[in-house]
Amino acid sequence: MERGTIDLADVSGPFDLQSTLESGQTYLWDRADGTMYDRLGAHGGEQWYRTVVPPIDGVSEERIAVRVRQTGGVDDGTLEWEATAGATGVLTHLLRLDDDLDSMLATMPDLPVVERAVEAYPGMRLVRDPPFPCLISFICSAQMRVSRIHGMQRRLAATYGDAVDLAGETYHAFPRPDQLAAASEEELRDLSLGYRAPYVERTALMVAEGEAHPREAAALEYEPAREFLTRFVGVGDKVADCVCLFSLDHLEAVPLDTWIRSVIADRFPECDRGAYAETSRAIRDRFGGEYAGYVQTYVFHYLRSGGE
DNA sequence: TATCCAAGGTAAGTT
DNA sequence: AACTTACCTTGGATA
């Protein structure tokens, strides 16, 4: 086992681990105390969070089990980690510590709800999930509560993923495409995926057989990337936008989910253009363009956690 | 205790 | 292109 620390004074702008991981962007981490997504806004403070990271091109060539916690403040605190290999690189990648958050915040629109959301969760960042697990977890998200989406991913990992030991505990990696493609629809329904089971099965098969891989969409412009991702079964515009934003660095993507649609109806009705693509463009412009997805994530978490 | 409802939507069919 | 409808499951609200 290796351990290390990341000094947040060396990171551009603030960082907050808890709001970053528990704001409904990622379903691939667990809290060590088992309360991840159990209660909205349950502040345990300085908790360990853990995950297993698959090999990532240009970042790490091996699979790494890691746990991490934050001590101290969002500007001058410390990230403390333990892992099966050096983890500073993968944590910087997954938690977007390479973003210059202050500069991004400076470009965000001068709107009351945005300002309050940013003040409520200082240091919250977007995540950069691995593409395949991100794709599958958001296929599972259709018409589902956040805590249950997380439960599905836990069961998928426990059932089909490799076991990895770290510091006397067993972690379960998210299943690779070939592992998930070997699952039957019936087995997936037994994990209570419901009607999403055939979507997951068929999409895993598409990736396992090399028909397409979600990471290919990272090389495309944003809107073509969204269109590309909808070729996967169970992926419409909304899920495609989530993968664009939470995995593929298309930070202008604004997923039009039920929460953001209600924000549009209540506060920006002129942005409702009917069709997804046009409404998406309108709210993206209203949210400042280049980093509109950051704005969306602040507003989403702020409203969902009871603000206003 | 029983019943109802909605949850980070998508696919397939109809007009 | 816009509009309907079916779809699994279950925690939480309501009666």
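Which side chain makes a polar contact with the side chain of threonine 26? Keep that in mind as you open the viewer; the tour comes to it at the second stop.

**Before you start**

This is a predicted model, in which local features need pLDDT of at least 70 and side-chain atom pairs count only at pLDDT 80 or more, while totals for chains, interfaces and linings use all residues. Residues are numbered from 1 along each chain as its sequence is written, chains are lettered from A and ligands numbered from 1 in the order in which they are written, and side-chain values use heavy atoms, with hydrogens and water left out.

**Stop 1: isoleucine 6**

Select isoleucine 6, which sits in strand S1 (residues 2–7); helices (H or I, at least four residues) and strands (E, at least two) are DSSP runs, numbered from the N terminus. At 9% relative accessibility, isoleucine 6 counts as buried, a word that here means under 20% relative accessible area, with exposed over 50% and partly exposed in between (1.4 Å probe, protein chains only). Now show the contacts of isoleucine 6, leaving aside neighbours within four places in sequence: Val11, Gly77, Thr78, Leu79, Trp81, Thr88, Leu91 and Leu97. Contact means heavy atoms within 4.5 Å. Leucine 91 is 85 residues from isoleucine 6 along the chain, yet their C-alpha atoms are separated by 9.2 Å.

**Stop 2: threonine 26**

Next, select threonine 26, in the loop between helix H1 (17–21) and strand S2 (30–31). Threonine 26 is buried, with a relative accessible area of 0%. The partner you were asked about is aspartate 129: the two side chains make a polar contact at 3.1 Å. A polar contact is a pair of N or O atoms within 3.5 Å; within protein, one must be able to donate a hydrogen and the other to accept it, and residues adjacent in sequence count only if both atoms are side-chain atoms. Setting aside neighbours within four places in sequence, threonine 26 is in contact with Leu21, Tyr37, Val127 and Asp129.

**Stop 3: phenylalanine 232 and helix H11**

Jump to phenylalanine 232, in the loop between H10 and H11. This residue is buried too, at 1% relative accessibility. Not counting residues up to four places away in sequence, phenylalanine 232 touches Leu135, Thr203, Met206, Val207, Ala212, His213 and Pro214. Measure from phenylalanine 232 to valine 207, C-alpha to C-alpha, and you should get 8.9 Å, for a pair 25 residues apart in sequence.

Then colour helix H11 (residues 237–246): 8 of its 10 residues are buried, so the helix is largely enclosed by the rest of the structure. Those buried residues are Val239, Ala240, Asp241, Cys242, Val243, Cys244, Leu245 and Phe246. They pack against helix H5 (131–139), helix H10 (222–229), helix H13 (276–286) and H14.

**Stop 4: helices H12 and H14**

Show H12 (residues 258–267) with H14 (residues 292–304): the two pack at an angle of about 90 degrees, their axes 10 Å apart. Axes are lines fitted to C-alpha atoms, for helices over the stretch in contact, and angles run from 0 to 180 degrees between N-to-C directions. H12 and H14 are therefore roughly perpendicular to each other (angles of 65 to 115 degrees count as such, those under 35 as roughly parallel, those over 145 as roughly antiparallel and the rest as oblique). For the contact itself, pick Trp259, Ile260, Val263 and Arg267 of H12, and Gln296, Val299, Phe300, Leu303 and Arg304 of H14.

**Stop 5: DNA strand B**

Bring up DNA strand B and the 25 residues around it, of which Gly24, Arg145, Val146, Asp257 and Phe300 come nearest. A residue is near a strand or molecule if one of its heavy atoms lies within 4 Å of it. H11 gives the most to this surface, with 3 residues. Zoom in on tyrosine 27, where a side-chain N or O atom is 3.0 Å from a base nitrogen of DNA strand B. At glycine 234, a backbone N or O atom lies 2.8 Å from a phosphate oxygen of the strand.

**Stop 6: DNA strand C**

Finish at DNA strand C, surrounded by Arg145, Arg148, Arg189, Ser192, Gly194, Tyr195 and Arg196. A polar side-chain atom of arginine 145 lies 3.0 Å from a base nitrogen of DNA strand C. For arginine 196, look for a polar side-chain atom 2.9 Å from a base oxygen of the strand.
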